[in-house]
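Trainee: Hi, do you have a few minutes to go through a structure with me?
Mentor: Sure, put it up and ask away.

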Amino acid sequence: MSGAPSAADTSDALGTSAAQTRSAELEKLITEDPGRFRILTGDRPTGRLHLGHYFGTLHNRVRLQNLGVELFVIIADYQVLTDRDVADDLSGHVEELVLDYLAIGVDPGRSTIFTHSAVPALNQLMLPFLSLVSVAELNRNPTVKDEIAHSRQSAVSGLMFTYPVHQAADILFCKANLVPVGQDQLPHLEVTRTIARRFNDRYGNGTHVFPRPDALLSEVPLLLGTDGTKMSKSRGNSVTLAATADETARLLKGAKTDSERHITYDPATRPEVSSLLLLAALCQNRTPEEVASDIGSAGAAALKKTVTEAVNEYLAPIRARRAEYAQDRAELRRILRAGNERANAVADATLAEVRAAMNSDY
């Protein structure tokens, strides 16, 4: 297979503008017939989820679930190793993710929560999928380049290099036809769509074994960490969903602002102040400008007090549910086992179909 994309591949590319237009169409279709859609989404178990995760993706998952879309949530434990030599406290981090999911409203009766490592058939799809992409295509993937640039490892592992193909297996094992992503993840989804099309062309005998999943883009709010840099688990600059009210107050009290006393919403010139205003606005279902107008010339201390109260009020019911679920760790494991069983049944059926299409079901 040539490293250069074919005309068909180019036409299949997910440009940002096209993805935005398509996402608007998809939102209308979801409202009309949510049952026609299956979503794959998830997280790596590298620590507790924070407010950036929540307003970026988590609340949207629950919204889609509640509309009636079938939701598969993968805890990507194998992918922890893409940029780490070892996966520290993996079982603990997996439980923390399950707690966060349940606390925000992911319903295990309607959605499937499962782990990478518990679904062998999913991971077995990697081999045929890898045969459908070239080294050059993997090498020029911009997301892979960025991941490699920020890798914690002294040398880049093969798992990092094949990361987009592993994600394709995550998406296609359950034949998800919709994937909520940010703009930076469009290249990954493009790999998935290419693999699906090439598999169908090579082995499908005129049938579509795999759908080509659509990207569902949503406007992700730009929330900075308390130090004014990107919000991150590893930097200790975020408010986690599990944080107490006092911990939240302490973290936000130390948030970076600026020297101007009058509070205004201006992301271009006052990014830290504007991020705090946006956070309060998201929690209060208001605009950042309205929050800024209320604070006026009261200064950074009043801003931080407003944000702290808004966050703690918003998170109070989530934290209460989380504390309740945390009292029964055995139930967490039961929920995860049930999700793993469901995911395995789906993956086994897909792998059987793949083997039949490849004429290797002996």
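Trainee: How do the residues of the lining of the largest cavity divide into nonpolar, polar and charged?
Mentor: Keep in mind that this is a predicted model. The lining of the largest cavity has nine nonpolar residues, six polar and three charged.

Trainee: And how much space lies in that largest cavity?
Mentor: About 140 Å³. The structure holds one cavity of 30 Å³ or more. Of the 18 residues lining the largest cavity, Leu224, Gly225, Thr226, Ser275 and Leu276 are the closest to its centre.

Trainee: Which helix gives the largest share of the lining?
Mentor: That would be helix α13, residues 271-284, which supplies four residues of the lining.

Trainee: Okay, switching to charges. How many salt bridges does a search of the whole structure find?
Mentor: The search turns up 24 salt bridges. One of them joins the side chains of Arg63 and Glu27, at 2.8 Å from N to O. Arg63 sits in helix α3 (residues 51-67) and Glu27 in helix α2 (residues 16-32), so this pair ties together parts 36 residues apart in sequence.

Trainee: Are Arg63 and Glu27 buried or exposed?
Mentor: Somewhere in between. Arg63 is partly exposed at 32% relative accessibility, and Glu27 is partly exposed too, with a relative accessible area of 24%.

Trainee: What about Glu353, which side chain does that one meet in a salt bridge?
Mentor: Glu353 meets Lys175, at 2.5 Å from N to O. Glu353 belongs to helix α16 (residues 329-357), while Lys175 is in the loop between α10 (163-172) and β4 (178-181), so the pair ties together parts that are 178 residues apart in sequence. As for accessibility, Glu353 is partly exposed at 33%, and Lys175 is partly exposed at 27%.

Trainee: I also marked Arg193 and Asp214. How far apart are their closest N and O atoms?
Mentor: They are 3.8 Å apart, and the two residues form a salt bridge. It links distant parts of the chain, with Arg193 in helix α11 (residues 186-203) and Asp214 in strand β5 (residues 214-217), 21 residues apart.

Trainee: Buried or exposed, those two?
Mentor: Both Arg193 and Asp214 are buried.

Trainee: Which residues are linked in a network of salt bridges?
Mentor: The network links Arg48, Glu95, Glu96, Asp100, Arg322, Arg329 and Arg333.

Trainee: Let's move to the nonpolar side. How many residues are in the largest nonpolar core, and which have the most contacts inside it?
Mentor: The largest nonpolar core has 56 residues, and Tyr101 and Ile113 have the most contacts inside it. Leaving out residues up to four places away in sequence, Ile113 touches Val73, Ile75, Val98, Tyr101, Leu102, Val106, Ile335, Leu336, Gly339 and Asn340. Another core lies apart from the largest one and has 41 residues, including Val119, Ala121, Phe129 and Ala347.

Trainee: Last one. Where is Leu29 found, and what does Leu29 touch?
Mentor: Leu29 is found in helix α2. Not counting residues up to four places away in sequence, Leu29 touches Arg22, Pro34, Arg36 and Phe37.

Trainee: And what separation is there between the C-alpha atoms of Leu29 and Glu309?
Mentor: They are separated by 37 Å, and the two residues are 280 residues apart along the chain.

Notes: Residues are numbered from 1 along each chain as its sequence is written. This is a predicted model: local features need pLDDT of at least 70, side-chain atom pairs count only at pLDDT 80 or more; totals for chains, interfaces and linings use all residues. Side-chain values use heavy atoms; hydrogens and water are left out. A salt bridge is a side-chain nitrogen of Lys or Arg within 4 Å of a carboxyl oxygen of Asp or Glu. Helices (H or I, at least four residues) and strands (E, at least two) are DSSP runs, numbered from the N terminus. Buried means under 20% relative accessible area, exposed over 50%, partly exposed in between (1.4 Å probe, protein chains only). On a 1 Å grid over the protein atoms alone, a cavity is a set of points where a 1.4 Å probe fits but cannot get out, and a pocket is an open set with protein on both sides within 12 Å along at least five of seven lines; lining residues have an atom within 4 Å of a point. Grid points are joined across faces, edges and corners, and a volume is the space filled by probe spheres set on the points. Ala, Val, Leu, Ile, Met, Phe, Trp, Tyr, Cys and Pro count as nonpolar, Asp, Glu, Lys and Arg as charged, and the others, Gly among them, as polar. A nonpolar core is a set of buried Ala, Val, Leu, Ile, Met, Phe, Trp, Tyr and Cys residues joined through side-chain atoms within 4.5 Å. Contact means heavy atoms within 4.5 Å.
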